[in-house]
Amino acid sequence: MESIFSTRVLAADGSVAPRIVAWSGAAIVASDDANGRAAALDARDLLVLPGMVDIHGDAFERQIMPRPGVAFDMDIALAETDRQLLANGITTAFHAITYSFEPGLRGAGTVRAFMAAMERLRPALGCDTRIHLRHETYNVDAVEEILGWIAAGQVDLLAFNDHTAALVEKARAGMSMARYVERTGLDPAAFARMVVAAGARAGEIPAANARLAEAARRRGVALASHDDETPAMRAAYRALGCEICEFPKTSPTAAAARDNGEASVLGAPNVVRGGSQSGGIDAADAIRDGLCDVLTSDYYYPSMMQAALRLVAAGSATIADAWSLVASAPAIAARLVDRGRLAPGLRADIVVVDDSDPRLPRAVAVIVGGRLAILDASRIRYAS
């Protein structure tokens with residue numbers, strides 16, 4: 001049996017107090033008062049918290065293609081991403097891979113290579129890494145392939161994306177789409193033609209979405225919708241079984257999700273930067289107003305820890321409430337009932353944080369499924 005002591009352990013009941021957390025194998029067996037007992041690891045006054053659960057992170061794309069048209073071997077990219085996740089206290093990560101009709105970073109070749117690499121590497125990765133497949137709804141030709149992945153148990157979360165409708169309008173208006181074109185390797189005119197051709201298949205989308213949603217529900221895969229703009233759009237995805245509302249664009253849309261017991265998800269970078277980079281709702285305001293359940297890394301892995309601790313430093317949330325946004329709430333949303341809290345019987349996913357500077361918190365120890373993945377021996381002592 002292994003164990004760790006700190007004067008500041010976040011217990012499952014939300015209290016922070018001196019405690020010992022003990023685990024055997026992959027599971028926590030006790031989290032209680034020290035009562036004079038010694039622990040194998042002494043974290044002194046550092047924060048001991050449940051490992052974070054990131055249900056939507058796509059920063060790995062920058063490891064695959066750090067510059068437009070410059071691709072790296074998928075195994076190298078995912079191994080480096082794993083190191084970044086652990087260094088930032090993320091013990092469960094859903095890689096949000098987008099499958100679109102376009103070539104390049106989000107096209108069939110990349111997605112197939114990603115799926116194959118995940119099958120090879122998943123057992124060797126330090127972080128419990130899963131697949132969040134973002135299906136671009138206009139990519140109707142991919143439905144059969146995605147159904148196969150769902151049936152094989154390779155998809156852990158399925159999201160419905162629609163970035164195409166807006167692009168069709170831009171293409172028809174002759175507007176610049178440089179931000180999207182550069183990741184495809186196409187010239188602007190060819191990309192515009194491809195977008196317009198995809199847009200012509202809008203009538204096929206409802207039946208395709210229904211097939212995918214039914215397959216996901218049958219396998220117990222959590223379903224999400226992305227960038228819902230209105231309560232009506234949320235209701236349409238709710239009818240498909242989508243219980244996760246990712247990045248609602250307006251407060252009424254977020255409220256519609258919450259009122260129906262669905263998880264409203266926003267990006268942690270939104271909190272750290274002081275607002276949305278895409279003109280969406282302010283995450284800090286949404287948290288204050290009870291319109292946000294989950295924070296994700298979105299495009300920047302360090303943001304989850306930073307966001308939670310900045311909320312605490314600003315007096316906007318207790319450590320228990322702030323940390324639930326990045327640990328227990330995302331675990332519940334993703335149907336992972338075995339993690340997110342430090343309680344007997346749950347997975348021993350633990351992060352020890354130096355929060356002496358809340359603007360620059362640092363993970364000094366990370367334990368994933370009972371295995372020590374990171375340890376700064378200068379900050380945490382082994383018992384003599």
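In this predicted model, helix α10, which spans residues 251-259, has Thr253, Ala254, Ala256 and Ala257 buried. Viewed down the axis of α10, these buried residues fall within an arc of 155°, and they therefore line one face of the helix. Pro252 and Asp259, on the other side of α10, are exposed. The cover over the buried residues of α10 includes helix α9 (231-240) together with the strands β11 (244-246) and β12 (263-267). After α10 comes Gly261, a residue with a positive phi, near 75°.

Turning to the interior of the protein, the largest nonpolar core comprises 91 residues. Phe114, Leu133, Ile146, Leu158, Phe160, Leu295 and Trp323 are the residues with the most contacts inside this core. A second core, separate from the largest one, has 17 residues, among them Val9, Val21, Leu46 and Ala348.

Two of the well-connected residues of the largest core, Phe160 and Trp323, invite a closer look. With residues up to four places away in sequence set aside, Phe160 touches His135, Thr137, Asn209, Leu212, Ala213 and Leu223, and its list of partners also includes Ala224, Ser225, His226, Tyr237, Leu240 and Cys242.

Trp323 lies in helix α14, which covers residues 319-324. Its relative accessibility is 1%, and because buried means under 20%, Trp323 counts as buried. Apart from neighbours within four places in sequence, Trp323 is in contact with Leu10, Leu49, Pro50, Met52, Met305, Ala308, Ser328 and Val351. As for position relative to another part of the chain, Trp323 and Tyr138 are 185 residues apart in sequence, and their C-alpha atoms are separated by 36 Å.

Phe114, another of the residues with the most contacts inside the largest core, also takes part in a meeting of two helices. The helices concerned are α2 (residues 74-87) and α3 (residues 108-121), whose axes come within 9 Å and cross at roughly 60°. This angle makes α2 oblique to α3, and the crossing by which α2 passes α3 is right-handed. On the α2 side, the residues that meet α3 are Met74, Asp75 and Leu78. Their counterparts in α3 are Thr110, Ala113, Phe114, Ala117, Met118, Arg120 and Leu121.

Key:
Residues are numbered from 1 along each chain as its sequence is written. This is a predicted model: local features need pLDDT of at least 70, side-chain atom pairs count only at pLDDT 80 or more; totals for chains, interfaces and linings use all residues. Side-chain values use heavy atoms; hydrogens and water are left out. A nonpolar core is a set of buried Ala, Val, Leu, Ile, Met, Phe, Trp, Tyr and Cys residues joined through side-chain atoms within 4.5 Å. Buried means under 20% relative accessible area, exposed over 50%, partly exposed in between (1.4 Å probe, protein chains only). Contact means heavy atoms within 4.5 Å. Helices (H or I, at least four residues) and strands (E, at least two) are DSSP runs, numbered from the N terminus. The arc is that of the directions from the helix axis to the C-beta atoms. Axes are lines fitted to C-alpha atoms, for helices over the stretch in contact, and angles run from 0 to 180 degrees between N-to-C directions. Angles under 35 degrees count as roughly parallel, over 145 as roughly antiparallel, 65 to 115 as roughly perpendicular and the rest as oblique. A crossing is left-handed if the near helix is turned anticlockwise from the far one by less than a right angle, and right-handed if clockwise.
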